[in-house]
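Please open the model in a viewer and keep the sequence panel beside it. The tour below proceeds from one selection to the next.

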Amino acid sequence: MDLSQRVVKRQASFCNAITFTNRPIAVYEQVRLKITKKQCCWSGALRLGFTSKDPSRINPDNLPKYACPDLVSQNGFWAKALPEELSNEGNVISFWVDKKGRVFYRINNSNPMMFFNGVRVADPLWALIDVYGLTRGVQLLDSEMLPLDCLRPRSFPASHRSSVRRNSHDPRLTISLCDLSLQQEMQLEEEDEGEEEEPLQPSCHIPQNSQNLQQCSLLPSHLDTDLQFHSVHGLHVTPLDTHTMARPDQRGDERTLVFTSRPMHSSETVFVKVKKGATRAGSLSYGVTSCDPATLRPSDLPSNPESLVDRKEFWAVCRLAVKLHSGDILSFMVNSDGELMMSHNGNNAGMQLCVDNSRPLWMFYGLHGSITQLRILGSALPTDAQGPSVPSSPSCTPNTPTMLCSGNSGSNLNTALNISLNSSLNSNYHMLFSTSTG
């Protein structure tokens, strides 16, 4: 957490990052968050909700790893997972609860969506923010009140529909959401006041926790995400995002070469995840080259990566011998002795190639058969790495534990909204990954 108590970043793994606001949230007060960091190697995303329990009275040691399903199964906690496709860096999420205990959210300037219901609004409510999975960092923005007359569009003049920002020193209500985009909310508000509400059915994706736990055992606790795919690639692959390349599941080898966005550091381990079709076998080519991909054209890249060794630059290529399944995780590392080491789902496969590492080397991959997608999960350097030349060891250890901070809980709505970091991450996670020499 930063000194303003508005920015938090998960230090390790994919969980153990439950936070709360420092004061209760009023009905119709929008809690606004900006996603500042995304980590592509996990499943699931931000969990949002409310609690009637005063966070200052919660022992961090008693907090579970997950808001869903662990925390929401306890009395006084309500939360749900934000859809993964909405958890991109830079997105601003606003969520609020209405007088009937229904929770709504909106992304940036999109239409509000019904999130879940069943929140007990008779008690003070603190916002609950679980920085989970794909979401690694969030920033708490100024909260804004949703005017009640905004829920009645027929009486709201068209000239007042534009959004108005609140001055940070002005405690008055704002009409920043009065743009007649609250159709779903307005319809719900006009329903019979005496109508019984359905009980809250937490629909958090529980399998994501087990998926991430399994993947967590194959990855170091801290992964750098600056390593991406290069914009130059084969003609028959398409970037889904900067970390993911995909190809149609068609028969026959095609031009599917992809490169890392920058040269690899010595002893830097890169982790990739494969996805394959269900019908036929698939394989993966991999290797390193001294050729800067920026100097190549897509038409220069053949369907057979082995033919690249005839070029004037240095190319070393190999094809994976083991059978691949969807979800398999591979790691590659060139140590200071020029040995390209590989592991498959955490199992050391030893040295695969000896390469000339006296010059910068880019990694490249070729997707064959039913391999339809390749994703860079991240990379890791040995913890004692201080520069481009580091000892030949791919082992990685996690960062130092999170510094715990807590905010004061008060009921004054003019108080600035901060995050109270009552995280259950209060111990080191010692996860050591090492690869023996070939």
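Begin by selecting residues 152-203, where pLDDT stays under 50 in this predicted model. For this stretch the model has 89 contacts beyond four places in sequence. Next select residues 386-411, where the pLDDT is also below 50; beyond near neighbours in sequence, this second stretch has 76 contacts in the model. Where pLDDT is low, the predicted coordinates should not be read in detail. For the protein, the mean pLDDT is 76, and 70% of the residues reach 70 or more.

**The seven-stranded sheet**

Now display the strands as ribbons and find the open sheet of seven strands, whose order is E13-E14-E23-E16-E19-E20-E21. The pairing in this sheet is antiparallel. Strands of a sheet pair through backbone hydrogen bonds, either parallel or antiparallel. Which strands stand at the edges? Select 238-241 for strand E13 and 347-354 for strand E21: each has a single partner strand, so one side of each is left without a neighbour in the sheet. On average, neighbouring strands here are turned by 25° against each other, direction ignored.

Stay at the E21 edge and add strand E20, residues 339-344. E20 and E21 pair over six bridges in the antiparallel sense. Within this pairing, Glu339 has Cys354 in E21 as its bridge partner.

**A hairpin and its turn**

Select residues 103-107, strand E7, together with residues 113-116, strand E8. These two strands are joined in the antiparallel sense by three bridges, and Phe104 stands opposite Met114 in E8. E7 and E8 form a hairpin with five residues between them.

In the turn, select Asn108, which has a positive phi of about 55° although it is not a glycine. Most residues other than glycine have a negative phi, and most peptide bonds are trans. Is Asn108 buried, partly exposed or exposed? Its relative accessible area is 35%, so Asn108 is partly exposed.

**Further backbone features**

Move to Ser267, in the loop between strand E15 (257-260) and strand E16 (269-276). Ser267 is not a glycine, yet its phi is positive, at about 65°. With a relative accessibility of 0%, Ser267 counts as buried.

Then select Cys68 and Pro69, which are joined by a cis peptide bond with omega of about 5°. Pro69 is located in helix H1, residues 67-71.

**Around Thr295**

Select Thr295 in the loop between strand E17 (282-289) and strand E18 (315-319). Thr295 has a relative accessible area of 57% and is therefore exposed. What lies 2.6 Å from a polar atom of the side chain of Thr295? The backbone oxygen of Asp292 is found at that distance. Add Val232 to the selection: Thr295 and Val232 are 63 residues apart in sequence, and 9.0 Å apart in space from C-alpha to C-alpha.

**Aromatic rings**

Finally, show the aromatic side chains; the structure holds twelve aromatic pairs. A pair of aromatic rings is described by the distance of the centres and the angle of the planes. One of the pairs is formed by Tyr286 and Phe332, and it is tilted, with 4.8 Å from centre to centre and 45° between the planes. Tyr286 lies in strand E17 and Phe332 in strand E19 (residues 329-334), so the pair ties together parts that are 46 residues apart in sequence. Both Tyr286 and Phe332 are buried.

As the last stop, select Phe14, Tyr66 and Tyr132, which form one aromatic cluster.

Terms used:
Residues are numbered from 1 along each chain as its sequence is written. This is a predicted model: local features need pLDDT of at least 70, side-chain atom pairs count only at pLDDT 80 or more; totals for chains, interfaces and linings use all residues. Side-chain values use heavy atoms; hydrogens and water are left out. Two strands pair if DSSP finds at least two bridges between them. Helices (H or I, at least four residues) and strands (E, at least two) are DSSP runs, numbered from the N terminus. Axes are lines fitted to C-alpha atoms, for helices over the stretch in contact, and angles run from 0 to 180 degrees between N-to-C directions. Buried means under 20% relative accessible area, exposed over 50%, partly exposed in between (1.4 Å probe, protein chains only). pLDDT is the predictor's confidence in each residue, from 0 to 100. Contact means heavy atoms within 4.5 Å. A polar contact is a pair of N or O atoms within 3.5 Å; within protein, one must be able to donate a hydrogen and the other to accept it, and residues adjacent in sequence count only if both atoms are side-chain atoms. Rings of Phe, Tyr and Trp (its six-membered ring) pair if their centres lie within 6.5 Å; planes under 30 degrees apart count as stacked, over 60 as edge-to-face and the rest as tilted.
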